[in-house]
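User: Please take a close look at one part of this model, the way its helices pack and what lies between them. Keep it plain, as I am new to this.

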Amino acid sequence: MTKSGSLATLHNWLINEDFTSTRQARLHGVYVAWLNLLANPLAFCGFLVVLGLVIVAAFAPLIATHDPYAQDLALALKPISAQHWFGTDEFGRDVFSRLVYGSRTTLYISILVTVVVAPIGFIIGATAGYLGGWVDVVLMRVTDIFLSFPSLVLALAFSASLGPGIENAVIAIALTVWPPIARLARAETLTFRNADFVVAAELQGAGMWRILFRHIVPLCAPSIIVRLTLNMSSIILTAAGLGFLGLGAQPPMAEWGAMAASGRQYLLDAWWLTTIPGLAILTVSLAFNLLGDGLRDILDPRNG
């Protein structure tokens with residue numbers, strides 16, 4: 001073998017070894033994070049509930065015992081029984097099946113809002129923190145305007161102006177959720193703005209967007225992930241509030257807030273119509289809060 005061939009072989013071997021070491025380090029990090037999650041009982045319970053929500057939403061047709069949209073007025077307002085585990089509503093529809101399909105609506109809204117607000121909040125906050133000056137002042141004053149209103153009130157205003165519907169509800173909720181993400185991204189960016197690796201990248205000619213997405217995003221990701229997880233509970237509560245007021249998912253779509261609203265006039269005679277969707281909203285919201293607290297402990301480097 002020639003000298004150049006030996007050098008090429010050695011170079012390829014070093015690259016493979018570096019790739020293997022990086023992969024092993026990542027797997028080790030995931031394993032340690034899993035152990036830390038198991039060591040936190042409340043966070044692990046929250047994780048199990050969230051995992052259960054995802055499974056129920058994914059396999060709703062298999063889990064539901066009845067057609068969630070099939071009406072039978074002869075079975076209206078039937079109490080909990082072996083045939084109808086959570087009773088029936090005023091149209092004779094099975095509440096358990098509608099609750100199962102309602103998990104799809106809840107998860108759809110939560111994920112879609114998160115996908116929308118994560119990049120918007122990061123771009124606004126990171127741009128303000130990186131550039132500073134008048135850009136920072138303008139972007140943060142706009143953020144302060146949104147933060148000055150209660151999120152539910154602001155979501156109601158946007159939803160009322162956009163009109164009822166699940167897509168408009170997603171837009172309305174997203175417009176109220178991005179400001180805390182922007183604030184957090186700005187604070188994290190200010191922390192790393194004058195770091196040596198950022199200065200070195202600037203000296204090498206790297207542009208702002210390359211520095212933000214190549215160097216600052218990985219460092220901000222843990223904090224933003226924790227914040228997004230904690231935001232899930234407020235997203236679910238806001239979506240349920242919009243559905244309760246008729247500004248979210250429209251009939252006959254199964255949605256927990258709308259289900260609770262339709263049962264409020266039968267609260268004394270058919271308590272399950274409002275109580276069971278309310279308990280579902282409470283359980284899932286609490287689970288996301290517990291999971292978010294656990295992720296904050298796991299991803300905080302000061303706890304390492």
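Analyst: What follows describes how helix 4 packs in this predicted model, and then turns to the nonpolar cores.

Helix 4 covers residues 95–131, and helix 2 covers residues 41–58. Their axes lie 8 Å apart, at an angle of about 110°. Angles from 65 to 115 degrees count as roughly perpendicular, so helix 2 and helix 4 are roughly perpendicular to each other. Their crossing is left-handed. Helix 2 makes this contact with L53, V54, V56, A57 and A58, while helix 4 brings V100, S103, R104 and L107. Sorted by class, these residues are 7 nonpolar, 1 polar and 1 charged.

Helix 4 also packs against helix 9, residues 208–244. Here the angle is about 140° and the axes are 7 Å apart. Helix 4 and helix 9 are therefore oblique to each other, and the crossing is right-handed. The contact of helix 4 with helix 9 contains 23 nonpolar and 4 polar residues, and no charged ones.

Next come the cores. The largest nonpolar core has 31 residues. I109, V113, V117, Y130, I173 and I224 have the most contacts inside this core. Helix 4, helix 7 (166–192), helix 8 (196–203) and helix 9 each give two or more residues to the core. Leaving aside residues up to four places away in sequence, I109 touches I166, V170, I173, I235 and A239. Another core, of 24 residues, lies apart from the largest one. Its residues include V50, L99, L273 and F288.

Definitions and conventions. Residues numbered from 1 in each chain as written. Predicted model: local features only at pLDDT ≥ 70, side-chain atom pairs only at ≥ 80, totals over all residues. Heavy atoms only, no water. Axes fitted to C-alpha atoms, helices over the stretch in contact; angles between N-to-C directions. Helix = DSSP H or I, 4+ residues; strand = E, 2+ residues; numbered from the N terminus. Parallel < 35°, antiparallel > 145°, perpendicular 65-115°, else oblique. Left-handed = near helix turned anticlockwise from the far one by under 90°. Contact = heavy atoms within 4.5 Å. Nonpolar A, V, L, I, M, F, W, Y, C, P; charged D, E, K, R; others polar. Core = buried A, V, L, I, M, F, W, Y, C linked by side-chain atoms within 4.5 Å. Buried < 20%, exposed > 50% of the residue type's maximum accessible area, 1.4 Å probe, protein only.
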